[in-house]
Amino acid sequence: MTRLLLALALAVCVLSPAPGHAVDPREMLEDPALEARARDLSKGLRCVVCQNQSIDDSDATLARDLRVLVRERLKAGDSDKQVIDYVVSRYGDFVLLKPPFKVSTLVLWLGPLLIVMLAIGGAFFYFRRHRAAPETPAAQPAQALSDAERARLAKLLEDDAP
Amino acid sequence: MRSRLIFIIPLALFLVLAVYFAVGLTLDLKKLPSMLEGQPVPAFDLKPIQGRDDKGFASTDLKGQVSLVNVFGSWCVACRVEHPFLMQLKKTSDVPIHAIDWREEDPAAGPAWLKRHGDPYALVGDDPRSKAAIAFGVTGAPETFLVDQQGVIRYKHVGPLNPQIWKDVLWPLIAELRKAGGG
Amino acid sequence: MTAELGHFALILALAIALVQSTLPLIGAQRDDAGWMALARPTALTQFLLVGISFGCLTHLYVTSDFSVVNVVRNSNTAMPMLYKVSGVWGNHEGSLLLWVLILAIFGAAVAAFGRNLPPALRARVLSVQAMIAVGFYLFMLFTSNPFERTFPPPMDGRDLNPLLQDPGLAFHPPMLYLGYVGFSMAFSFAIAALIEGRVDAAWARWVRPWTMAAWCFLTGGIALGSWWAYYELGWGGWWYWDPVENASFMPWLAGTALLHSASVVEKRDSLKGWTVLLAIITFSLSLLGTFLVRSGVLTSVHAFATDPTRGVFILALLIVVIGGSLALYAWRGPQLVSTGLFQPISREGALLFNNLVMATGAAAVLLGTLYPLFLDAVGGGKVSVGPPFFNAVFIPIMTPMIAAMAIGPLLNWKRGDLGAAVARLKVAFVLALGAGITAWVWHSDGPIFATLAMGLAVWLGVGTLTELAGRIRLFDAPAGAWERLRRVPRASWGMTLGHFGLAIAIAGMAGAGGWTVESIQTMKPGERVEVAGYVFTFKGAGAETGPNYKAIVGDFEVTRDGTRVTSLHAEKRTYNVGAMPTTEAAIHSSIRGDLYAVIGDPEGDEGAYVTRLYFNPLVAWMWFGTLVMIFGGALSLTDRRYRVGAPRRSRAGAVAPASA
């Protein structure tokens, strides 16, 4: 019994999210341009009570409320940035699906570039080293081929697969 | 001359990764740190719930004394677990506990729940559309905020309140705030 | 009784695996034929025992034995039989049992069919396989026992998660595991090679069939998962860069690189150290995926219920297996000497380029997937890394490689002529440009990446055909072309189909990713909506009852330019146990694209419902392209020259000859 209570105590109830479609016609704004902006913004905001979805995709009630909030603020005249800033001021950078470019995410954004440069550098050094190294002698010195061997060689070359 | 160093790099990278994983296992993913600790309470003005009084609950009510703001809902099982402690708190301490009744589909559900489980709250606001909840950055219920005399949020607790948290964190903080500002 | 039998079989399997992992290995070191010979019977016995254990668990599910905790949590008497069976692996413990079963199957396959492998190599490979198995058996027996009993047994179980009660998803885990675990063979071969201190063309030939088989399964498994998400989750998405999707994608990238790299080892005696490292990395990424899904360090829609003790155990397993193998690589890697040399511009150079891009792509995905964990671990706060990041980073990395894929096969080994190769691709370039311009004109309001992707797809597709045409000398000696086509080796067909299939899939991704049209509205019966030239007429909705659910069913008639295209029948189900709603979208596929209809909640009392209607262009191209790729891989597997019983070394040290 205590274990159950402990588990419950540690749990926090969340308005149960379920996968499914999300945007309801009743939420949608009449102005198509504003609605399009709202959809775009929603696609970039993370549903904080779901496992890994945007508020546009999520069925959770909190996600719906956030969608409505986005639309209300757009209708009130907020710019895209102002809407996003408001949500971030409540929930932190966690709510952005595209991580912001900040000091804390420098490694993230520059990392791939760094890896590309390392790959290019690695290839460069590989070719340099292998050109400097002397050619290792072939297994056996080449000998003249007989006619039968020549024919077989020609056939093999034709068949040679990548 | 091949540098043996290159062959050690994969192992070294992996060991760094393993350390991060080990630390990661100790972290709690669900916990979102509060953006609002140290910030003034966001502006809100909620209507009262049915059958209680007609005062409602607004951000302006949170000035002048140290108080708690508890987010609950009749649909929330963990709130039921927390509630007896809140009832006890009302008896044993003089810190006012206010509430945001969050996301009730049926306006009568919140009041019925309070009637059944007890009502420790001073002011209760009805928040059917999560307006106040979002302003507070709430992600689930129950959550409790400690607000000081100037209306600044000092602490956010996610999950049910329990005697341990009260004794170790909240009460010392309240005492400190009162010493500094009174009330 | 069955549960105890299954449990006991598992314990015995552990015992056998312990023997299999030690004695043959020592025997190989000491050149003791008797101990080396233990590898085969132990592998076969292990397979038998795990098979019995898996059979027992299946029996428990099929008979709905609710005295077993695992069955209670994941099954229900009202569930259709197919899902009772797939429920066996639709949970943490059962899926681990599937993992070790497949591990044992591959081990037994090497034991049974690897007769032409030198005994020492075979002994080492099977020993390493058994070591991995030991780790998993211990994990299961200590933290994740599927045979735990419960008393008193409840009357009925909790039901399998409704989302998993689906034919596509029933087969998704087995296919994925066949892939992940298949790469364990390449891993074992790599470890064996490091222990032996030697990698040569013969080794590359022996590794290749296993790697290719694993690759085919993994490709299929990933595609199956994507396809399932597309038709089940209700809004036509098929890839989310979810951490667990990434966990399956990274081994795929590494595995594809491995296939290409191994051919350089085989044909040119080069890139040995890199290939061995890649084999280790590919399987390591598979294991990493296992860790990510089950330990709770990442949030994902896929995550199994998490438990810290399990996380610790898997991490320990990872450290031993991956750390151990990389340590062995650090120690013995320098001994692998490559003799082949090649110019940067050459076939090998192109394959190296493929490898570098794949590795960079995999590393970028890994960085993005793990970054939230890294930042949190150092106290830098919480951050999300979602699709915008991955799309921004991954697509630019892959693009040069896809462009190069048309050129690479046209280059000669050792020293290639870039100018000549590019000159041969003039037609491909013109057609690609034409496709891009056409796409731009048709979809000028669409994203630019879709247009570029379409152009790339045509470039790759026509370029691949150009190579084939050149090989059979279609244009300069057309007389014998058909005969030459029939004589093209299967492995070459593998390459051609693999690349061509990818081109088709990329074209599909351009359409499905960039040019979808969506329409969300409330419709009353009889109302019409137009989506991308198709007219949907809502016929109304009603209620239906299924075996273990209730559903709202909506009907649509679709016409285009007046002629009837199809009827669509969409459902929204609520399952009796669990009360979770799922959508069953109605999909009509054609070459042009998919019509996709979803029925939502009722609104008002005039029979109006929320409806979501989509046109998703070229979706079927993605699935078809993937099938072509898998077919190419399978064809390559049947190539006589690459069978498991590949030629043994005829002279010590010499490269095994290609059979004519």
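**Helix α5 of chain B.** I checked the length of helix α5 (residues 163–181) of chain B in this predicted model: at 1.5 Å a residue its 19 residues should span 27 Å, and the end C-alpha atoms are 25 Å apart, which agrees. I then looked for a bend along α5(B) and found a kink of about 40° at B:Leu170, shortly before the proline B:Pro172. B:Leu170 is also one of the buried residues of this helix, the others being B:Ile174 and B:Leu177. Looking at what covers these buried residues, I noted that the cover includes the strands β6 (143–147) and β7 (153–158) of chain B.

**Domains of chain C.** I took the bounds from the domain assignment, which gives domain 1 (1–165), domain 2 (166–413), domain 3 (425–513 + 621–627) and domain 4 (517–617). For domains 2 and 3 of chain C, I found the C-alpha centres 25 Å apart, with 13 residues of domain 2 and 15 residues of domain 3 taking part in the contact. On the domain 2 side, α9 (201–232) and α14 (387–407) of chain C each supply at least two residues, and the largest share, seven residues, comes from α14(C).

**Sheet of chain C.** I traced an open sheet of five strands in the order β2-β3-β4-β5-β6 (chain C), with antiparallel pairing; its edge strands, β2 (528–531) and β6 (581–584), each pair on one side only. Neighbouring strands of this sheet are turned by 25° against each other on average, direction ignored. Following the edge strand β6(C) to its partner, I counted four bridges to the antiparallel strand β5 (residues 563–575) of chain C, and I noted that C:Thr574 stands opposite C:Pro581 in β6(C).

Terms used. Residues are numbered from 1 along each chain as its sequence is written. Chains are lettered from A and ligands numbered from 1 in the order in which they are written. This is a predicted model: local features need pLDDT of at least 70, side-chain atom pairs count only at pLDDT 80 or more; totals for chains, interfaces and linings use all residues. Two strands pair if DSSP finds at least two bridges between them. Axes are lines fitted to C-alpha atoms, for helices over the stretch in contact, and angles run from 0 to 180 degrees between N-to-C directions. The expected span of a helix is 1.5 Å times one less than its number of residues. The bend at a residue is the angle between axes fitted to the seven residues ending there and the seven starting there. A residue is buried if 20 or more other C-beta atoms lie within 10 Å of its own, exposed if 12 or fewer, and partly exposed in between; C-beta atoms are placed from the backbone. Two residues are in contact if their C-beta atoms, placed from the backbone, lie within 7 Å. Domain bounds come from an automatic or database domain assignment.
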